[in-house]
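Thanks, everyone, for making the time this morning. I would like to walk you through a structure that will be new to most of you, and I will take it slowly.

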Amino acid sequence: MSPPAAISPTLATATPVASKQASHDGAVKKHDVSVADMHGNWDAFRFAPIRESQVSRAMTRRYFADLDAHAESDVVIVGAGSCGLSTAYVLASRRPDLRIAIVEASVSPGGGAWLGGQLFSAMVMRKPADAFLREVGVPYEDEGNYVVVKHAALFTSTLLSKVLAMPNVKLFNATCVEDLITRPGEDGDEEGIRVAGVVTNWTLVSMHHDDQSCMDPNTINAPVVISTTGHDGPMGAFCVKRLVSMQRIEKLGGMRGLDMNAAEDAIVKNTREIVPGLIVGGMELSEVDGANRMGPTFGAMALSGVKAAEEALKVFDLRKKQNEF
Ligand SMILES: Cc1cc2nc3c(=O)[nH]c(=O)nc-3n(C[C@H](O)[C@H](O)[C@H](O)COP(=O)(O)OP(=O)(O)OC[C@H]3O[C@@H](n4cnc5c(N)ncnc54)[C@H](O)[C@@H]3O)c2cc1C
């Protein structure tokens, strides 16, 4: 039996800060210590030594490198709920060349998709959204016209793990979008605007603009922004509410009463670029269009994400060209 990780001579040596980093894909390799190796070996057990500054630098070096790299992103997805994560999955897997930033206001990504309706566990999706579950690898029970994932958290955690493992995706959580970067509209459209990125801040800072002053934000430039911030609320429907306050759309349509059959088709089919550079999907779209709500059935969120990714790719080359200046 090989010794536990901590007493293995190779692993117990502290890695110098400047040393070349080796990466590990998480699969068990020949020389890895296994959890089974640790059983019954606790007297000899110890963690590899570390200096506190190494922990600090391991985090900050990566975070600031990510901030630097994503200050110019190809696509920013605002909101990591079921729609935003589905969008990221499709976009990042279809186009590994795109640099994608997800900005999520909450500490915990996943939005409202950790539970089904009324805090029950199961997640219902109407067909054909089962195709998305198969693509991502989420098990479900087939009930005919609809499928049931035994726990909504199983859907969200599986999707989240796939998205976060993608090399071209960076999630900035606990960070909120507090404004949009805009440029004048193209082709002599003086009234119009094009969305050209987002203005960000730590969510905790954004929540204190009323009682603290001079807390300026940060920015991410991007030719395409996809907003999936969910229902109207303290944070929700953020980008479309901003379009109203900057008078780019007259008013929100207001989410209508619950009608599962009407609502799900409408959300998916109408996921689109609302103003140049800004695509809106998920429940945020119901606020613009005055569409019905759908209650606890999540297929529309996943497939709105699929459509949002498709809409983004349709306009990406043009918006990128327009965004060069
Ligand atoms: C009161 C209530 C009613 C509901 N009604 C319905 C319904 O009628 N139909 C339905 O399908 N589901 C409903 N749900 C369930 C669920 O919220 C949604 O189905 C689903 O989660 C919406 O997915 P989404 O991806 O559009 O938005 P969400 O899951 O809400 O995800 C949006 C994400 O965006 C983040 N965000 C918001 N603003 C910002 C910002 N400015 N910057 C960065 N991130 C931001 C949020 O933190 C969140 O993680 C309801 C939930 C609640 C709590």
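I will begin with the ligand and the space it takes, and then turn to two points in the backbone.

Please keep in mind throughout that what you see here is a predicted model. Let me start with the site itself: the space taken by the ligand is the second largest pocket, and this pocket has a volume of about 790 Å³. Its lining is made up of 39 residues, and those that lie nearest the centre of the pocket are Gly111, Gly112, Thr229, Gly230 and His231. If we sort the lining of this pocket by residue class, we find 17 nonpolar residues, 20 polar ones and two charged ones.

Now, which residues are closest to the ligand itself? The ligand is surrounded by 28 residues, the closest being Glu104, Gly112, Met283, Arg293 and Met294. This shell around the ligand divides into twelve nonpolar, 14 polar and two charged residues.

Some of the contacts can be described atom by atom, and I will take three of them in turn. In the side chain of glutamate 104, an N or O atom is 2.6 Å from an oxygen atom of the ligand. For glycine 112, it is a polar backbone atom that is 2.8 Å from an oxygen atom of the ligand, while serine 82 has a polar side-chain atom that lies 3.3 Å from an oxygen atom of the ligand. As for how much of the ligand is covered, on its own it has 960 Å² of accessible area, and the protein covers 79% of that.

Where in the fold does this shell come from? The elements that give two or more residues to the shell around the ligand are α3, β2 and β7, with β7 supplying the largest share, three residues. In the lining of the pocket, α3, which spans 82–94, β2, which spans 100–104, and β7, which spans 175–184, each supply at least two residues.

Let me finish with the backbone. Most residues other than glycine have a negative phi, and most peptide bonds are trans. Against that background, the peptide bond from lysine 127 to proline 128 is cis, with omega near 15°, and proline 128 is found in the loop between β3, at 123–126, and α4, at 130–136. The other point is glutamine 118, a residue other than glycine whose phi is positive, near 45°, and which is found in the loop between β2 and β3.

Key: Residues are numbered from 1 along each chain as its sequence is written. This is a predicted model: local features need pLDDT of at least 70, side-chain atom pairs count only at pLDDT 80 or more; totals for chains, interfaces and linings use all residues. Side-chain values use heavy atoms; hydrogens and water are left out. On a 1 Å grid over the protein atoms alone, a cavity is a set of points where a 1.4 Å probe fits but cannot get out, and a pocket is an open set with protein on both sides within 12 Å along at least five of seven lines; lining residues have an atom within 4 Å of a point. Grid points are joined across faces, edges and corners, and a volume is the space filled by probe spheres set on the points. Helices (H or I, at least four residues) and strands (E, at least two) are DSSP runs, numbered from the N terminus. Ala, Val, Leu, Ile, Met, Phe, Trp, Tyr, Cys and Pro count as nonpolar, Asp, Glu, Lys and Arg as charged, and the others, Gly among them, as polar. A residue is near a molecule or strand if one of its heavy atoms lies within 4 Å of it. A polar contact is a pair of N or O atoms within 3.5 Å; within protein, one must be able to donate a hydrogen and the other to accept it, and residues adjacent in sequence count only if both atoms are side-chain atoms. Accessible areas come from the Shrake-Rupley method with a 1.4 Å probe; for residues, only the protein chains shown count as cover. A molecule sits in a cavity or pocket if more than half of its atoms lie within 2 Å of its grid points.
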